[in-house]
Amino acid sequence: MSIDGITGLDHLVIATRDLDTARDAYSRLGFTVTPRGHHTQLKSANHTILFPTGTYLELLGIEEQRPANAHYAAFLRQREGIAAIALKTPDARAAAGPLAAAGFPAPESVDFGRPVEMPDGTRDAKFTITQIDPEATPAGRVFLCQHHTPDLVWRPDQLEHANSAIGLEALVIAAADPDAVAAAYARLLGGTVTDRGSALVVEPAQPGDGQVPVMVATPDRLHWVWTADPAFATPLPFFAGFVLRVADPVKAQQALQKSKVPTVVGGGVMRVNSPGACGAMIAFAQDFDLDALIP
């Protein structure tokens, strides 16, 4: 069972040095990218890519360096890519106690928002986040995200994508010691660790929106999936990429071909290397099967 107050994966934060370039790159890959938002307190800006399963991708750029965005500034001095993962919670503040008790210290929660243009005028999307001490989460920063205004985030007109992507299906971590990393995320997220031979998989205890497996493998195993990706020069462990379920693989392949981004196709899985997706490796599949990603 996961720590009380955590109900699954909410979104991935993909940090970028050039938000316009990131928006264009993901648009070319066949995603519907939302208009730019501005986090007024955090001095960051974003675009989101929303899925009907209640998960999403966040493309994040820094507008002005502040203590509140120091993690992302430091990350971007090294590379672009998945800088953090956000977990779902109905109450970010109440979850801090159970987190600390389970060995995941969390400082004081933070409230913030961003204006959203709606047909009836501008409204503020509001959030509360609780950061987990990064020393407790190998591979990268993890935080809890409470949505106070979900209707302003998941807009029905922004959930369909030319590549037919419908949801996050796995987070992929590259690690020198998969056992230690998988154990930490199993403790945080609940579920069990399954040994697939070439990778360990933290499998959710129950199915449902946001219940996303975490695949942990050494870079030599992931090279089979994404060939010689330059992101593997990153110090281990790190959030390497993610898997998306698509409703129509033909549409997905057509969108990727149109994008001109190099794509590796095999075993029913289409793979895009990190240079084509702002530092994140992406796999697209219809009938999601982790074994298709593991040699």
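Let me begin with one residue, Ser164, which at 9% relative accessibility counts as buried, where buried means under 20% relative accessible area, exposed means over 50%, and partly exposed lies in between, using a 1.4 Å probe and protein chains only. The model is a predicted one, so local features need pLDDT of at least 70 and side-chain atom pairs count only at pLDDT 80 or more, while totals for chains, interfaces and linings use all residues. Residues are numbered from 1 along each chain as its sequence is written, and side-chain values use heavy atoms, with hydrogens and water left out.

Staying with Ser164, this residue has a positive phi of about 65° although it is not a glycine, and its place is in the loop between β8 and β9. When I say helix or strand, I mean a DSSP run, numbered from the N terminus, of H or I over at least four residues for a helix and of E over at least two for a strand. Ala139 also has a positive phi, of about 100°, without being a glycine; Ala139 sits in the loop between β7 (121-131) and β8 (141-147), and with a relative accessible area of 15% it is buried.

Let us move on to strand β9 itself, which covers residues 165-174 and is mostly covered, since 9 of its 10 residues are buried. Which strands does β9 pair with? Two strands pair if DSSP finds at least two bridges between them. With strand β13 (residues 238-246), β9 runs antiparallel, and 8 bridges join the two; in that pairing, Ile173 has Phe239 of β13 as its bridge partner. With strand β12 (residues 214-217), β9 runs parallel, joined by 4 bridges, and here Leu171 stands opposite Val214 of β12.

Just before β13 there is a loop that deserves a look. Pro237 belongs to the loop between α5 and β13, and the peptide bond from Leu236 to Pro237 is cis, with omega near -10°. Pro230 is found in the loop between α5 (219-226) and β13, and with a relative accessible area of 51% it is exposed. If we leave aside neighbours within four places in sequence, Pro230 is in contact with Ser274 and Pro275, contact meaning heavy atoms within 4.5 Å.

Now for the overall division of the chain. The domain assignment gives domain 1 (8-152) and domain 2 (165-293), with bounds that come from an automatic or database domain assignment. To the contact, domain 1 gives 37 residues and domain 2 gives 37 residues. The centres of the two domains, taken over C-alpha atoms, are separated by 20 Å. Between them, domain 1 and domain 2 bury about 2900 Å², 73% of it on carbon and sulfur atoms, where buried area is the accessible area (1.4 Å probe) that two parts lose on being put together, summed over both.

How many salt bridges are there between domain 1 and domain 2? The count there is 0, although a search of the whole structure finds 9 salt bridges. A salt bridge here is a side-chain nitrogen of Lys or Arg within 4 Å of a carboxyl oxygen of Asp or Glu, and, as general background, side chains of opposite charge can pair when their charged atoms come close.

One of these salt bridges joins Asp20 and Arg36, whose closest N and O atoms are 2.5 Å apart. That pair links distant parts of the chain, with Asp20 in helix α1 (residues 19-28) and Arg36 in the loop between α1 and β2 (37-39), 16 residues apart. Asp20 is partly exposed at 37% relative accessibility, and Arg36 is partly exposed with a relative accessible area of 33%. Together with Arg23 and Asp24, Asp20 and Arg36 are linked in a network of salt bridges.

A further salt bridge brings together the side chains of Arg196 and Glu203, at 2.9 Å from N to O. Arg196 is partly exposed, with a relative accessible area of 26%, and so is Glu203, with 21%.

Finally, a word on cysteines. A disulfide is a covalent bond between the sulfur atoms of two cysteines, and the rule used here asks for a pair of cysteine sulfur atoms within 2.5 Å. By this rule the structure has 0 disulfides. As for their surroundings, Cys145 counts as buried at 3% relative accessibility, and Cys278 is buried with a relative accessible area of 8%.
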